[in-house]
Structures are given as C-alpha cells and as structure tokens.
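Student: Please take a close look at one glycine in this model and the helix that holds it. Then set that part beside the other features you can describe.

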Amino acid sequence: MTDPAEFCITTLKSQFRGISNLITIDRRASRPLYQQIYESFRGRIIRGELRAGDLVPSSRELARESHISRLPALTAYAQLLAEGYFESRIGAGTFISSSLPSRPTGASPSAAPGRRLLSAQVVALPKYERPSWAESLGPFQVGQPELQKFPIEIWLRLVARYSRRMRLKALQYGDAMGLPELREAIATYLRTSRGVRCEAQQIMIVSGSQQALDLATRVLLEAGRAAWVEEPGYWLVHHVLKAARCRIVPVPVDAEGLNVTAGIRLNRNARAAFAAPSHQYPLGVTMSAARRLRLLEWAQRSRAWIIEDDYDSEYRYGNLPIASLQGLDGNARVIYIGTFSKVMFPSLRLGYLVIPVDLIERFAAMRQVMDICPAHITQAVMSDFIREGHFARHVRRMRPIYAERRSVLVAELERQLGDNVTIMGDQAGMHLAIFLTRGRDDRKIAATAARQSLWLSPLSSSYIGRTARHGFVLGFGNTKANDIPQAVRRLKKLIYQ
Ligand SMILES: Cc1ncc(COP(=O)(O)O)c(C=O)c1O
C-alpha cells in the first residue's frame with residue numbers, strides 16, 4: 001500500500017511537472033511566507049522556468065505539501081493573480097497567465113545585458129562619484145560651514161514646535177514657487193542685506209543653488225547654445241551645461257573677476273553668462289564695478305542672461321557685503337541665485353532664485369515638471385528661523401569666527417610657504433585659493449593628502465579649457481583656528497615631498 005502523503009506528492013509531481021518542488025520556503029527566514037511563495041513563483045516565471053499556460057497547484061495542495069497553513073498560499077496567489085502572472089479558469093484551476101510572452105524576457109543572471117541605450121545628456125556627464133571628502137570632515141574641506149556652531153537646539157525646537165501645530169493644509173501639494181511666508185522673509189532679507197531689487201512674488205524656493213542653476217539652464221538655454229562660464233569656475237555649473245549639451249565658453253577670470261572683454265571676443269552671441277561676482281569660485285575675487293557695468297551692458301545688447309551665483313556673500317570680513325549685480329541691473333537681465341547651504345547647513349537643501357517678473361510663469365512651469373514644488377516643512381521652519389531673528393544672529397556670530405580662521409590661514413601660509421605659493425581671494429566667504437609654483441601636480445598631491453584625511457581640492461579641476469593652473473582651493477569654514485598651523489605644516493610637507 002502506498003502512504004497517502006507519498007501518493008499526494010507523486011501525483012503533484014507528475015501532474016504539475018514538479019512545480020511544487022520549485023517553490024522554496026524557509027520557515028526560519030524573516031520574510032513572511034506569502035512573500036516567499038510570491039517571489040518564488042514570480043522569479044521562476046521571469047526566468048522562463050514556468051511558462052504561459054502551465055498549470056499551477058491549487059493553493060490548498062501547495063499548502064498541504066509545504067506543511068504550511070493555507071492563508072499565505074492564498075495571499076500569494078491573490079497577488080500573483082492581481083499582477084497578471086496567474087490566471088484562473090473556472091473549473092480547470094490556476095495557470096501561468098497565457099498573456100505572458102512564451103519566451104522569457106527577464107534578464108537571467110548569466111545573460112549579457114547588451115547595449116544600454118542612454119540619453120545624450122547623461123552620456124555627456126562624467127560618472128557620479130561621491131567625493132571622498134564628503135565621507136568625513138577634515139581640514140581644508142571646501143564648502144563646509146562650521147557645523148558644530150550651528151544652533152541645532154534652536155532648529156530642533158522650531159522643527160518640533162512646527163510639527164505639533166502642523167495643519168491639514170500643509171499636507172497638500174504647495175505652490176511651485178514655494179511657501180509665501182518664506183518668500184516674503186527672503187525678499188526682505190535680500191533687499192536690506194544684499195541690495196537685490198525684488199518683491200516676494202519673484203522669489204522661488206529651490207533645493208539649493210544646484211537646482212536653481214539647472215532650472216535656469218532649462219528655461220533659458222537649449223542644446224547647442226553658447227554660455228560663458230568663469231575660467232576657472234564652479235565644476236557643477238560645467239556639469240549642468242554639459243548635461244544640457246550647451247556650448248561652454250570658458251572666459252578667463254583675473255583679479256577683477258570675469259574678463260568681459262575676453263568673453264565678447266570669444267563669443268559675443270552667447271545666450272548666458274554664469275558668474276559669481278561677489279566672491280568668485282574658486283579664486284575668491286570680487287568683480288570690479290567697471291566689469292559689472294560692462295557685463296550688464298553686454299547682456300542688454302546681446303539679449304543675453306546673467307546667472308548670478310551669490311552662494312556665500314553673507315560673509316565679508318574686510319568691508320561691508322558687496323551689493324548684488326542684480327541690484328545694478330535696470331533691464332531685468334539677471335537671474336539671482338542664493339543658498340542657505342553655507343549659512344545654515346548643506347543637507348538642508350534650501351536655496352532661492354530671484355526671477356525677472358516676466359519670466360516667473362516660465363520658471364514655475366519648468367519647476368512643476370521637475371519636482372512640482374518644494375517640501376513644505378523645511379520651508380516653514382526656515383521661515384520661523386529667519387522671522388524670529390535666529391538667522392541674523394547666527395550670521396553675526398559666525399562672521400568673526402570665519403574672519404579669524406581666514407587671517408590665521410593667510411598668516412600661516414605666508415609664514416610657512418612664503419614665496420612658494422601665491423594666495424588669491426578677498427577677505428570673504430569660507431575658502432581661498434593658492435597657486436603652486438610650476439612643476440607640481442595638484443591632483444597627485446590631493447590624492448596623497450586625502451589618504452591622510454587632509455582635503456585639498458585641486459585647482460586644476462576647476463578649469464575646463466587648456467590653461468589649467470595648479471594649486472588648491474582651501475576651505476577654512478570647518479577648520480578651527482588652532483588646527484590651522486598644523487594643517488599648513490602637513491600641506492607644506494605634501495607639497496615638498
Ligand atoms: C560656487 C558655488 N555655488 C553654489 C554652491 C552651493 O550649492 P548648494 O546651494 O546647491 O548647496 C557652492 C557650494 O559649494 C559653490 O561652491
């Protein structure tokens with residue numbers, strides 16, 4: 001006599017060509033049983049091990065043979081039916097869906113992926129690599145404010161307070177331009193502190209300057225259009241323009257900022273100029289009044305746009321903050337960009353654009369395509385942070401700290417490295433640049449330095465043309481004054497070894 005259990009298994013095996021054996025269930029696994037059954041079937045269908053029209057054991061049989069309750073089998077079958085992997089035929093049973101292709105389409109692990117067709121935009125970009133310096137903090141890191149001095153307790157208190165009183169309305173999609181109260185607070189700040197001519201309706205909240213640069217490029221330029229960039233300049237501006245497949249025209253920067261005459265000579269008909277007139281990146285120079293007026297005049301004559309990146313001008317140490325280029329512009333040719341990354345903290349991802357009135361709707365339309373609108377809660381808390389005076393207090397408190405760090409760094413560079421380096425940059429922001437004497441390769445030195453947690457940003461990577469000079473951009477934002485002499489000693493050793 002055959003054991004009934006044995007009979008059942010034999011019947012299943014012949015009837016279902018061993019399907020029940022294909023389902024792997026591990027009772028000790030943390031994944032629920034229904035998920036294991038579902039994934040087992042789905043994986044085998046995708047790999048072509050189960051084909052369209054194959055009969056599937058009933059959930060009752062599967063449960064019995066696998067020694068589990070019927071509920072997980074029923075749940076998994078319901079999901080596979082809902083997703084179209086199974087179909088049930090009344091009176092006949094459950095089958096692998098006949099609408100599935102008879103040949104497997106899913107990639108098998110051993111199959112070669114074949115040629116991957118990608119957009120020309122992404123192919124134009126270098127591959128993404130998280131910069132090694134982003135992993136940890138250390139001396140000379142560029143673009144890093146002093147995070148330890150950020151009033152995190154106040155910020156957290158405002159986040160908690162706002163979260164407690166958050167209303168249903170705040171859960172809806174917001175305006176593509178951003179939260180009205182934050183736009184109002186920013187407009188007031190920009191008019192009084194940065195000499196920007198604006199009303200709140202012109203402010204768009206973005207996720208940092210990077211989104212603003214990308215958005216402005218999408219609205220104002222298209223593939224093949226020429227755009228001036230500063231040479232050397234901000235590498236992420238280069239990437240934005242590469243992704244947009246624009247023609248990048250590197251225009252030299254000297255002690256007076258972007259050389260407008262050279263730009264006109266190189267490409268008079270460019271559609272836009274990207275510049276950081278208050279504190280150029282990476283050289284740290286300020287654009288002279290004569291150059292500002294010349295740039296505005298060129299833009300008006302050529303019907304070009306100026307994208308003003310004002311990323312860190314809250315911090316000036318020798319004199320009052322330099323008024324924005326936008327404030328000088330009588331023809332609405334400047335798109336002004338600012339960020340909270342330096343004054344607050346970079347992961348906040350909050351920045352803003354000041355848009356000429358007649359372009360507001362165009363910018364909003366493009367913004368909607370990108371991400372509909374900014375996230376609500378950070379905007380609301382940021383607006384409280386500004387309106388209650390914490391923002392202005394934090395800037396006031398940090399100014400002398402950064403000023404001291406900068407002057408210690410300059411003094412140490414002069415004392416320890418003397419004539420072997422040239423220092424560039426005004427008394428502003430959180431970085432300065434040094435040029436190395438000929439024959440030194442900044443990228444090689446930076447790679448060695450990174451292995452010792454010294455974050456030197458090679459100057460040659462900021463050039464896009466052929467005139468690259470070697471040196472470093474040295475951030476002093478998060479390097480304590482007391483640590484600077486030792487960090488410069490390490491820098492000196494690396495340069496001379
Ligand atoms: C020239 C320049 N613009 C803008 C930014 C700020 O970018 P975001 O606001 O996207 O953090 C930086 C950051 O280092 C920068 O160096």
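Tutor: In this predicted model, G263 counts as buried because 25 other C-beta atoms lie within 10 Å, where the cut-off for a buried residue is 20 or more. The residue belongs to helix α11, which spans residues 260–267. Leaving aside residues up to four places away in sequence, G263 is in contact with W228, V251, L258 and A273. Y34 is a different case: 229 residues separate it from G263 along the chain, and the two C-alpha atoms are 66 Å apart.

Next, the sheet. Strands β12, β13, β15 and β14, in that order, make up an open sheet with antiparallel pairing. The edge positions are taken by β12 (421–424) and β14 (457–458); each has a single partner strand, so one side of each has no neighbour in the sheet. Within the sheet, β13 (residues 431–436) and β15 (residues 471–475) run antiparallel and are joined by five bridges. One of the bridge pairs is H431 with G475, the latter in β15. Helix α15, residues 390–417, lies across β12, β13 and β15, and the angle between this helix and β12 is about 165 degrees.

Last, the ligand. It is surrounded by 13 residues, the closest being G143, G208, S209, T339 and S341. By class, the shell consists of seven polar residues, five nonpolar and one charged.

Conventions: Residues are numbered from 1 along each chain as its sequence is written. This is a predicted model: local features need pLDDT of at least 70, side-chain atom pairs count only at pLDDT 80 or more; totals for chains, interfaces and linings use all residues. A residue is near a molecule or strand if its C-beta atom, placed from the backbone, lies within 6 Å of it. Ala, Val, Leu, Ile, Met, Phe, Trp, Tyr, Cys and Pro count as nonpolar, Asp, Glu, Lys and Arg as charged, and the others, Gly among them, as polar. Helices (H or I, at least four residues) and strands (E, at least two) are DSSP runs, numbered from the N terminus. A residue is buried if 20 or more other C-beta atoms lie within 10 Å of its own, exposed if 12 or fewer, and partly exposed in between; C-beta atoms are placed from the backbone. Two residues are in contact if their C-beta atoms, placed from the backbone, lie within 7 Å. Two strands pair if DSSP finds at least two bridges between them. Axes are lines fitted to C-alpha atoms, for helices over the stretch in contact, and angles run from 0 to 180 degrees between N-to-C directions.
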